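Trainee: I would like a close look at a single part of this model. Please take one strand and go through its surroundings step by step.

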Amino acid sequence: MDFLPHTTEDIEEMLSVLGKSGLEELFEPVPEKLRLRRDLAVPEALDEVSLRAHVVELAGRSQGTERLVCFAGGGAYDHHVPAAVSALASRAEFATSYTPYQAELSQGVLQALFEFQTLVCELFAMEIANTSLYDGANALVEAVNLAVRATGRERVVVGSTVHPHYRDVLSTYTSGLGLDIESVAFDPTRGVVDWGAVDAAGAAALVVASPNFFGVLEDVSEAAKTHPREGLVIAVTDPTSMGVLAAPGDKGADVAVAEGHALGNALAYGGPYVGLFATSERLLRQVPGRISGETTDRDGRRAFVLTLQAREQHIRRARATSNVCTNQTLMALAAAVHLCWLGPAGLARLGEICVRRTAYAAQRLAEIPGCRVKFPGPRFKELVLQLPSAADEIARGLARRGYLVGPALGRWYEGLGDCLLVAVTERRTRADIEGLAEAIEKELAQEPAAGSAGAQEPVAGSAGAQ
Amino acid sequence: MVFELSRPGRRAWSLPEADVDGPSLEELLPEAHRRAQPPNLPELSELDLVRHYTRLSQRNWAIDVGAYPLGSCTMKYNPKLSEEAASLPGMRDLHPFEDDDLVQGALELLGTLELALCEATGMARMTFQPAAGAQGELTGLLIMRAYHDAAGDPRRRVIIPDSAHGTNPASVTLAGFEAHETPSDERGLVDLGALREALADDVAGLMLTNPNTLGLFERDIAEIATSVHDAGGLLYYDGANFNSIVGLVRPGDMGFDIVHLNLHKTFATPHGGGGPGSGPLGVVERLEPFLPSPVLEWDEGAERWSWDHDRPRSIGRIHSFHGNFGINLRAYCYLRSLGPAGLRQVAERAVLNANYLRALIEEAFPTAYPGPCMHEFVSSAARLKRLGVRATDVCKRLIDFGFHPPTIYFPLVVEEALMVEPTETESKETLDSLAAALNQIADEAEGDPELLRSAPITTPVRRPDEARAARQLRVRWTPADPDGGS
């Protein structure tokens, strides 16, 4: 299966126009000694019937949230993707289009992105937004780089309750720039950074996560009070919480960033996801990535174009605000459709379900002998469960019983080796929570799981029904 | 505008009740953390929503709609089976923190793809974390930095030809290096003399796109590689134009040490209106320790794939999770469709199509540099300037003929550049009609230049005012907007 339209006659005719006798002659500029004189050692071609069977077989050897009841979190969540969102975002007119540089042929994507920018601003109570970045970690990196540019400072203070992967990516990205990135410890009883006690002197930015990596709400306004003049407060947040939680913009944040996959995009083993990025208008010219702007066309009609391109790499090159080119437009579009599907009331309902079911789960799981829920909260859709022994072992055992939990926290936080994250989305019912609690009880009692490693159906729950 | 369709009380959403006992939302969330005013999202019925986005989709060009000969973008057909594969349970519903034992199918897919792409590029190992080409570039440059630093020989500059994509110099700056631009010579190729002059012991490496953005193969690549290596530098391959050589020439055999691929170009994954892409990065063996952590390992004895997090010399993580898995799996499907012979044919037909189209329009739009091209070519519309017609006018007129225009005004080294890349999936008939349209447009420019300047006439909007967009900035919808309430 090769998707090539050329007939033998086509090739002959085309070569004769070129005055060539064979395809080989077209590669005259390539030095003989560099050419590969053999077939690539890659698997032989498959026809469509065989290829489909092959990928179905491969898919069958992984177990996702259709087969396991998913309470796993840590920055990726098993939210419901409305059918209308999937249907619209997978339209080939969107999916197989290129970056909207030719405005006349790209009004659909440009308007969708303009609307997306507006929706992101509304969510976070910020003034401006871009058309997306790669993921949550990348959005944070770009926010820090913006703060460094805007302030001319190099010190960045990051809460240790910010997603450990985001902090890792931040340190990788900025390793060549010589920034002074400083991690501040969290209060071990409350699971939050005490921002009032942080020394923010001379900092380009304070980075605060709320809800933080432990699911606990953190005090963005406290950080905003702490930060010195001209330094920026960067808030890492969760867009699905914005129907019930105070927006970063209302708490004094200068930049709001988030992982947006939970809006309309599949888990997909961690990508493609979408980085959300919003800030205030005074920083507009420092913003990374593409921005869709409204204008009028030759006949006075409303039209959209990519604007302020002079910030970007294809114009500004070595002095661009970022190197980003390709972003996550299609994911941004899905997020926009999902937000419009929810509306204010749907987003509020989504938030209420998350908060109340998580609280219910916290209460139920704390009843299990030997377990406790760490950190008093308040929290949004995630909690830290402390177990009587190594959490990663127990998580593996729970998977064999049909439940996904975690990640276990020991790999990032010393002293939390017996803790793991439990996330509760609108897909997790009260029965699922009960089922998880019973599975944990059985696992702790070392009752044998039915069947072999992870191969059996969930003992309870509704994952398959959605 | 979706906000203008909103009516209070209308809804598309359908969600369960919270359905648990216990405290209310107000009891659980202290007032300081609660949102006072819900975000001003639109309120629509599901049908309104579906029609709105369906209408938007109809105001958009796409490969599935028609030819898309954008130079440097490789807008080829995106196979439908890949979409189906990406939507399978066991692919789309995998959580990134799942234990390796639960996702062996996905890991085998990535492992096989890595092996195949390493073979195609001549690299030893590859990471799939970079979400797009530019992130691959940064990853490669940070590896370059780590390599020199580890050797106790930190270096400052990275050399980039003047025809390079803008991401190259931008990534160089972000990696903490200084970009040193080197000129193209009269052939449109790297000026070997100028390059050798620029090489010094503070040069970390050279970034090169081969074939370059003029669609020309850097035939001196062996000498270039030797010069850079002799100066202690590394060679970075920008895979933007890999489509023209896949299966025929391997970057590793040309002397490159670091390679990124754009899977959304060569490996036929849909570009999504500007993303997602995927920019996996491959390296030669001596750079392997520096790859982002974790890397995928196969345990022969246990017959098991796993992520190795124990990578003490790694530059660190570059993505929140494992990169754009959903895109990588589409590339995998494409690769398995084609096999070794198919991949070679991709390059051969891409080069055939480009040369054929170039020959058909050469008289009207001469190429800036003589000789055969690879997968794309750069023509110039400079000849039409005396008629008051610019490259952009040619493009807008081409839209009226039912084609997406080529890339224009890039690379910067060609005046009034038209950068054309038909790709291998377009048929001879399509190329013939595209050439006929371009030739007719060249005639029209002579006879009736106003026709070009007033184009396009077939689109929903015509020549949006970009200057106004930048001057009177409106980058979000506002309800108070006096013009926006229509």
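Mentor: What follows starts with one strand of chain B and then moves outward to its domain, a helix of the same chain and the contact with chain A.

The model is predicted. The strand is β6 of chain B, residues 258–261. It is covered on both faces. On one side lie I258(B) and H260(B), on the other V259(B) and L261(B), and each of these four residues is buried. In a regular strand, side chains point in turn to one face of the sheet and then to the other.

β6(B) has two pairing partners to consider here, β5(B) and β7(B). With β5(B), residues 234–239, the pairing is parallel and runs over four bridges. In this pairing D238(B) stands opposite H260(B) of β6(B). With β7(B), residues 281–283, the sense is antiparallel and there are three bridges. Here the residue opposite V259(B) is G282(B) of β7(B). H260(B) and V259(B), the two β6(B) residues just named, belong to opposite sides of the strand, and both are buried.

Next comes the domain level. The assignment divides chain B into domain 1 (2–58), domain 2 (81–336) and domain 3 (344–469). Between the C-alpha centres of domain 2 and domain 3 of chain B the distance is 31 Å. The two domains of chain B touch through 18 residues of domain 2 and 16 residues of domain 3. On the domain 2 side, this contact is made up of seven nonpolar, nine polar and two charged residues.

Helix α11 of chain B, residues 391–400, is also mostly covered, with eight of its ten residues buried. Among them are D393(B), K396(B) and R397(B), as well as V394(B), L398(B) and I399(B). The buried residues of this helix pack against two strands, β11 (407–408) and β12 (417–420), and two helices, α12 (428–447) and α13 (449–453), of chain B. After α11(B) comes G402(B), which has a positive phi, near 90°.

Last is the contact between the chains. It draws 173 residues from chain A and 169 residues from chain B. On the chain A side, helix α10 (residues 329–366) gives the most, with 25 residues. By class, the chain A side holds 94 nonpolar, 46 polar and 33 charged residues.

To return to the strand: β6(B) has buried residues on both faces, with a parallel partner in β5(B) and an antiparallel one in β7(B).

How values were computed: Residues numbered from 1 in each chain as written. Chains lettered and ligands numbered in written order. Predicted model: local features only at pLDDT ≥ 70, side-chain atom pairs only at ≥ 80, totals over all residues. Contact = placed C-beta atoms within 7 Å. Nonpolar A, V, L, I, M, F, W, Y, C, P; charged D, E, K, R; others polar. Buried ≥ 20, exposed ≤ 12 C-beta atoms within 10 Å, placed from the backbone. Pairing = 2+ DSSP bridges. Domains from an automatic or database assignment.
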